[in-house]
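Please look through the sequence and the structure shown here before reading on. The briefing that follows takes up the fold of one chain, its meeting with a second chain, and a single residue.

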Amino acid sequence: MRSSHNRHRQTSLLAYSMCDADQFSVLIKQEDKGLVRAPCPGNYHNMVDCHCEDIQLFIDEARGLDFSNKRVTSSSPLITNAIPVIPKDWFDRPPETIHSNIIGIRLGDILNRRPYRNSAKTLLLSDDVLVDLSVLKRPVFRGKKVVLFATGIDVVIEKVWHRRLTMDLFQAIATGNFYAVTGMNFSLFLHECPLGHLINLNKSLVFCEELSKLGVPVIPHVYAITDTHREMWIKWLQNHPNIKTVLINTQMQRDNASVHEVELTVEKLAAETDVNIILNGRQPKQLLNTTRERVVISHQFNLKNQAIVENALVRQYEEAAKLMEQPRLQRATPKLRSPAPYLTL
Amino acid sequence: MGSSGERKSSDTLRINKPASATGDGSSIGVSGGNSAPSPDINNLCPIRFRIKLTRQDVSVGRTLALEGNILVAPNIGEVGKLNARVTKRLETCLGLGISYTTITTVIDQGIYYAEFSQ
């Protein structure tokens, strides 16, 4: 049987002494500790771990480490077709340019601030970040069912999470009348602290739970990089038959080990639950055909690249038009090409 | 942002401590309460930041020392100086238990900097 534990069997036995995560929960098994490759640093960098001195605060914030007390009662739509995630270059295009009735938008597109880089190129996000739904009034969204992909880089999602009360995050999202909102993709990196993993998984579920209390349809975000995680998700989903679709963000899964974990997760979800699985990003190549039927792809479908090309053509037209107005300059007129027709999905 | 094996170097941050308990018995800082979160520690004490050096002949990757508010390179001497704002920032961060353990020289577009890293 394929499993994370088999795959990582050769991971150092020293890992058992690198991580004290099992002191915090029986959910963390010895084999999970065996996947840890370096002593937990306890430095709060991108993730908390069992060596952070006030780790209990983070466990409490996630309402504990068990999924069973996270209840999502709102409806969750069954997604069966690919969802194009609309890049901002397309927001002012007519809605007919996208055939799909259901389209996606990213969390970063409904925030009033964008990340910026400091002198050392490190990304930061301003403290006055707020939800700004005015983007939904742009032409491409007219008459569409919009799924909010509440995913993004750590700098964005951790900031929004930290300021969720101040920015009235859940209520603000609820006013957007989204067709559904996905869970947040709090990071789970291979070989890091299993306690930190559980905290991040539970934070994502708490995000869904809070939206659910406001009646917002949710699509939980399922990260799983150990067999323990997968078993927890299966059990939770079996207790939540109202959840018809889940999401896995696969944009960062570039190495074989990460892709393998996605394959294991997708196959187990397909075999032991009824959910459809949206893969936001890359699609693993080695999925079973029976599994593939339950997988829905979601990404920008090259829309962004096309927008760049089309914008360049428009600029070319504009420059040519200016030259035509100045015949005495006798400049060579650039060869004109028709703009590419809008892509329809 | 991912579930992979490697993080993006620019997407690094320090996880903020949760808002304090609301006192109403509910979960901390999630669904209610009036406790405002503390300011984002990353805006005050970013994981990395740079200071422009006054000398431009320090080899890249060299470790620097901080003596008071003077940046010193071994065998060279003073290569830069922190202004009052940066000095104050370092003191504040230290008070919060955050120290910059590594200071190295980097070059960006022909300009030499001291890069402070937590």
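A residue counts as buried if 20 or more other C-beta atoms lie within 10 Å of its own, and as exposed if 12 or fewer do. In this model, which is predicted, 43% of the 345 residues of chain A count as buried.

**Chain A as a whole**
- Chain A contains eleven helices together with ten strands.
- Among the contacts in chain A that have a separation of 6 or more, 71% come from residues that are 24 or more positions apart.

**Where chain A meets chain B**
- On the side of chain A, 47 residues are in contact with chain B, which takes part with 33 residues.
- At least two residues of the side of chain A that touches chain B are supplied by each of α4 (55-61), β4 (123-124), α5 (154-162), α7 (194-213) and α9 (256-272) of chain A.
- With five residues, α5(A) gives the most to this side of chain A.
- When the residues of the side of chain A that touches chain B are sorted by character, 19 are nonpolar, 13 are polar and 15 are charged.

**A closer look at A:D54**
- A:D54 has its place in the loop of chain A that runs between α3 (30-33) and α4.
- Because A:D54 has 11 other C-beta atoms within 10 Å, A:D54 is exposed, given that a residue counts as exposed if 12 or fewer lie within that distance.
- A:D54 and A:D127 are 73 residues apart along the chain, and their C-alpha atoms are separated by 24 Å.

Notes:
Residues numbered from 1 in each chain as written. Chains lettered and ligands numbered in written order. Predicted model: local features only at pLDDT ≥ 70, side-chain atom pairs only at ≥ 80, totals over all residues. Contact = placed C-beta atoms within 7 Å. Helix = DSSP H or I, 4+ residues; strand = E, 2+ residues; numbered from the N terminus. Nonpolar A, V, L, I, M, F, W, Y, C, P; charged D, E, K, R; others polar.
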